[in-house]
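Work through the exercises below with the sequence and the model open. Try each task before reading its solution.

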Amino acid sequence: MSELIINALQVQGETSITILQLDGTVDRVTSSQLLDRARQAYEDGARHLLLDLSGVGMLTSSGLIAIQSIFKLFTPESDLELMHHTKEQYKSPYVKLVCPDPKIYYVLNIAGFLQSLLIYSNLQEAINSFSS
């Protein structure tokens, strides 16, 4: 049976960051749990989200769809339009990932997520990136 534990943290600095630390599997069964938690954070006022995938052992296509939906939720419409109408590569300042596992990184890479999301190997580096 799939299980996903999500711990939410707030980091206050130049930018207020909501961190969702994931532990478990992000698949068809658990992806809605992740999406619901991100939606709740957005409804509560979060505008910068860091998904920490350090504890994720498996990421399926359903998990990728959830991450894409979160990206769209947190990215303003004007940025989404710019992304589609410019030749320059767009990297989201709103949603970033921590992913130290090479297997999960590989899945994100072949799915095309490296084109629009910044992915860091450790949590502190990712947190620091929001203020630079």
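Contact here means heavy atoms within 4.5 Å. This is a predicted model, where local features need pLDDT of at least 70, side-chain atom pairs count only at pLDDT 80 or more, and totals for chains, interfaces and linings use all residues. Residues are numbered from 1 along each chain as its sequence is written, and side-chain values use heavy atoms, with hydrogens and water left out.

**Exercise 1. Lay out the sheet.**
Task: state the order of the strands in the open sheet.

Solution:
- Take strands as DSSP runs of E with at least two residues, and helices as runs of H or I with at least four, numbered from the N terminus.
- Count two strands as paired if DSSP finds at least two bridges between them.
- The five strands then run β1-β2-β3-β4-β5, with mixed pairing.
- β1 (4-11) and β5 (118-120) are the edge strands, each pairing on one side only.
- Ignoring direction, neighbouring strands are turned by 20° against each other on average.

**Exercise 2. Trace the hairpin.**
Task: find which residues of β2 are the bridge partners of isoleucine 5 and asparagine 7.

Solution:
- β1 and β2 form a hairpin, with five residues between them.
- Eight bridges join β1 to β2 (residues 17-26) in the antiparallel sense.
- Isoleucine 5 has aspartate 23 as its partner.
- Asparagine 7 has glutamine 21.

**Exercise 3. Place the helices on the sheet.**
Task: name the strands touched by α1 and by α2.

Solution:
- Fit axes to C-alpha atoms, for helices over the stretch in contact; angles run from 0 to 180 degrees between N-to-C directions.
- α1 lies across β1, β2 and β3 (49-59), at about 170° to β2.
- α2 touches β2, β3 and β4 (95-98), and its direction makes about 175° with that of β3.

**Exercise 4. Describe the helix pair.**
Task: give the crossing angle of α1 and α2.

Solution:
- The axes of α1 (residues 31-43) and α2 (residues 61-74) come within 9 Å and cross at roughly 10°.
- Therefore α1 is roughly parallel to α2, a label for angles under 35 degrees.
- Contacting residues include Leu34, Leu35 and Ala38 in α1, and Ala66, Ile70 and Leu73 in α2.

**Exercise 5. Classify a ring pair.**
Task: decide whether the rings of tyrosine 42 and phenylalanine 74 are stacked or edge-to-face.

Solution:
- Rings of Phe, Tyr and Trp (its six-membered ring) pair if their centres lie within 6.5 Å; planes under 30 degrees apart are stacked, over 60 edge-to-face, the rest tilted.
- Here the centres are 5.1 Å apart and the planes at 80°, so the pair is edge-to-face.
- Tyrosine 42 in α1 and phenylalanine 74 in α2 are 32 residues apart.

Definitions and conventions
Angles under 35 degrees count as roughly parallel, over 145 as roughly antiparallel, 65 to 115 as roughly perpendicular and the rest as oblique.
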